[in-house]
Amino acid sequence: MQEKSPETAELRYGEKSLELPVLKGTAGDTALDIRSLRKLTGMVAFDPGFANTASCASRICYIDGEKGQLFYRGYPVEYLAENHEFVEVAYLLVHGQLPDPDERARFSELLNRHSLIHEDMQHFFRNYPEGAHPMAILSAMVVSLSTFYPELEASEDEEIDITVTRLLSKLRTIAAFSYKKSVGEAFVYPSYKLKYCENLLNMMFSSSVVDYQLDPVVVRTLDRVLTLHADHGQNCSTTTVRMVGSAGANLYASVAAGICALWGNLHGGANQSVIEMLERIAADGGNVERAIEAAKSGDRARRLMGFGHRVYKTYDPRARVAKKLYHDLARHLNIDDPLHEIALRLEEKALSDPYFTERGLYPNIDFYTGLIFRAMGIPREMFTVMFALGRLPGWIAHWLEQHADPEKRIARPRQLYLGPEPRPSQSSFSS
Ligand code: ACO
């Protein structure tokens, strides 16, 4: 239950006046509790895009958008990316604390045990057309998991860990198989000898003719990128997971819906759009000034992709880490990607332009992650799949939190109706 503060706020409308409770979060958030608004005044709150609406109370993730800070269960994301592996971060998000060595070993063991997908599911891949977007395949395969594996029913830790590791591990296998399908190569099975990101890269890039050599720097960079993506409060896809889950839908169905929301290019799909934008600028002779002027025109289709955020009004802390990760990776791999130079110039120009600074438009996580994936040889259609793999622990943690919440209610917003007034009509059904 959220903390009720002694403060209240008074709302007056015409003759009516209403005292609204004020709720305080643990890190300084303040919320006006309007649950009684409609009952007492007949009015509803109008807030398109939920920009000012806290749809739930949560203990998983805290974002300070003004200071550019992000915490998972109280730990700064930079600290976790530097000192912990993605699998530990996943455990942290789900359980609320980092695993001890025994818990870590057991979690890894379960990840290995559940990494295969049912042989029958492999037939599904064959029927997708050539060029099918892997995000569509990913979502369809995740909802299909619910036809092969039991729903999560018990709230025992044991049962939760089995379901969580099953989904985490199988999503990675499905992601790699989607890639293999898109390039027309045979599937490579997961290996119990490899760790989470090693396995993913090996399943994607090794084949009967290629002996893919795992590079520890590439592996560690990918692991850190997944950690950067692991949770982000009530973003569009997580809210979708909660919304679908609120109707009583199972975890697989809820996550499949979240994957679809993430695919949109205003959300996780932006990492693919950033690279496409940088390529357009390169084809235009590297003219970043023209791209910036176009972005300022107000035309949504010409926005700077990878810029701006609903919550951050300063530099996204994840983008800062991703920028450094790319820099170090490119140096290690001896890569000189011309799109990187364009990205740096674009950022510099935008951040010295009052249009962007006055609106608080800074690079977000997607601005540099596309370059990282590209340097690893991951094709652009897979970028958002990588994001989904990273975000999965957050989706699961939110689904579980909502599932266990005694105050949970089905998500059912109101609307402000602007259609025709009731028209004269007769029906034998009306009494
Ligand atoms: N380029 C140019 N102008 C922008 C951009 C941009 N990328 N983003 C916002 N603006 C402008 C808007 O035109 C608006 O200007 P106005 O006040 O003159 O009308 C103002 O900034 C506020 O924009 P909103 O659309 O109200 O911001 P909102 O919070 O609704 O949208 C969003 C946030 C969707 C991220 C937006 O900034 C955007 O479209 N960015 C590009 C897509 C992107 O990078 N998405 C990834 C986000 S991070 C993630 O989901 C993982």
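**View 1. Polar contacts around the ligand in a predicted model.** A polar side-chain atom of Asn364 sits 2.9 Å from an oxygen atom of the ligand. The protein buries 74% of the 920 Å² that the ligand exposes when taken alone. The model shown here and in the views below is predicted. His267 also brings a polar side-chain atom to an oxygen atom of the ligand, at 2.8 Å. Leu304 uses its backbone instead: a polar backbone atom lies 2.8 Å from a nitrogen atom of the ligand.

**View 2. The shell around the ligand.** The ligand has 19 residues around it. Leu266, Arg303, Leu304, Gly306 and Arg310 come nearest. By type, the shell holds 9 nonpolar, 6 polar and 4 charged residues. Leu304, one of the nearest residues, also supplies the backbone atom at 2.8 Å from a ligand nitrogen.

**View 3. An open sheet of 3 strands.** The strand order is E4-E5-E6, and the pairing is antiparallel. E4 and E6 are the edge strands, each pairing on one side only. E4 covers residues 61-64 and joins E5 over 4 bridges. E6 covers residues 75-76 and joins E5 over 2 bridges.

**View 4. Partners across the sheet.** Phe71 of E5 has a partner on either strand. Tyr62 stands opposite Phe71, and in E6 the bridge partner of Phe71 is Pro76. Tyr72 stands opposite Tyr75 in E6.

**View 5. The two faces of strand E5.** In a regular strand the side chains alternate between the two faces of the sheet. E5, residues 69-72, follows this alternation. Leu70 and Tyr72 point to one face and are buried. Gln69 and Phe71 point to the other face and are not buried.

**View 6. The hairpin of E4 and E5.** Here 4 residues lie between the strands. Gly68 takes a positive phi near 70 degrees in this hairpin. The strands it belongs with pair in the antiparallel sense.

**View 7. The hairpin of E5 and E6.** This hairpin has 2 residues between the strands. Arg73 lies in the loop between E5 and E6. Its phi is near 50 degrees, a positive value in a residue other than glycine. Arg73 has a relative accessible area of 23%, so it is partly exposed.

**View 8. Phe50, a positive phi in another loop.** Phe50 sits in the loop between helix H1 (37-41) and E4. Phi of Phe50 is positive, near 50 degrees, and the residue is not glycine. Phe50 counts as partly exposed because its relative accessibility is 46%, between the limits of 20% and 50%.

**View 9. Tyr79 in helix H2.** Helix H2 spans residues 77-83 and includes Tyr79. The side chain of Tyr79 makes a polar contact with the side chain of His84, at 3.5 Å. With a relative accessible area of 35%, Tyr79 is partly exposed.

**View 10. Ser178 in helix H7.** Ser178 belongs to helix H7, residues 157-183. Its relative accessibility is 2%, so Ser178 counts as buried; the cut-off is under 20%. Which residues are in contact with Ser178, leaving aside its neighbours within four places in sequence? They are Phe125, Pro134 and Ile137.

Terms used. Residues are numbered from 1 along each chain as its sequence is written. This is a predicted model: local features need pLDDT of at least 70, side-chain atom pairs count only at pLDDT 80 or more; totals for chains, interfaces and linings use all residues. Side-chain values use heavy atoms; hydrogens and water are left out. A residue is near a molecule or strand if one of its heavy atoms lies within 4 Å of it. A polar contact is a pair of N or O atoms within 3.5 Å; within protein, one must be able to donate a hydrogen and the other to accept it, and residues adjacent in sequence count only if both atoms are side-chain atoms. Accessible areas come from the Shrake-Rupley method with a 1.4 Å probe; for residues, only the protein chains shown count as cover. Ala, Val, Leu, Ile, Met, Phe, Trp, Tyr, Cys and Pro count as nonpolar, Asp, Glu, Lys and Arg as charged, and the others, Gly among them, as polar. Buried means under 20% relative accessible area, exposed over 50%, partly exposed in between (1.4 Å probe, protein chains only). Two strands pair if DSSP finds at least two bridges between them. Contact means heavy atoms within 4.5 Å.
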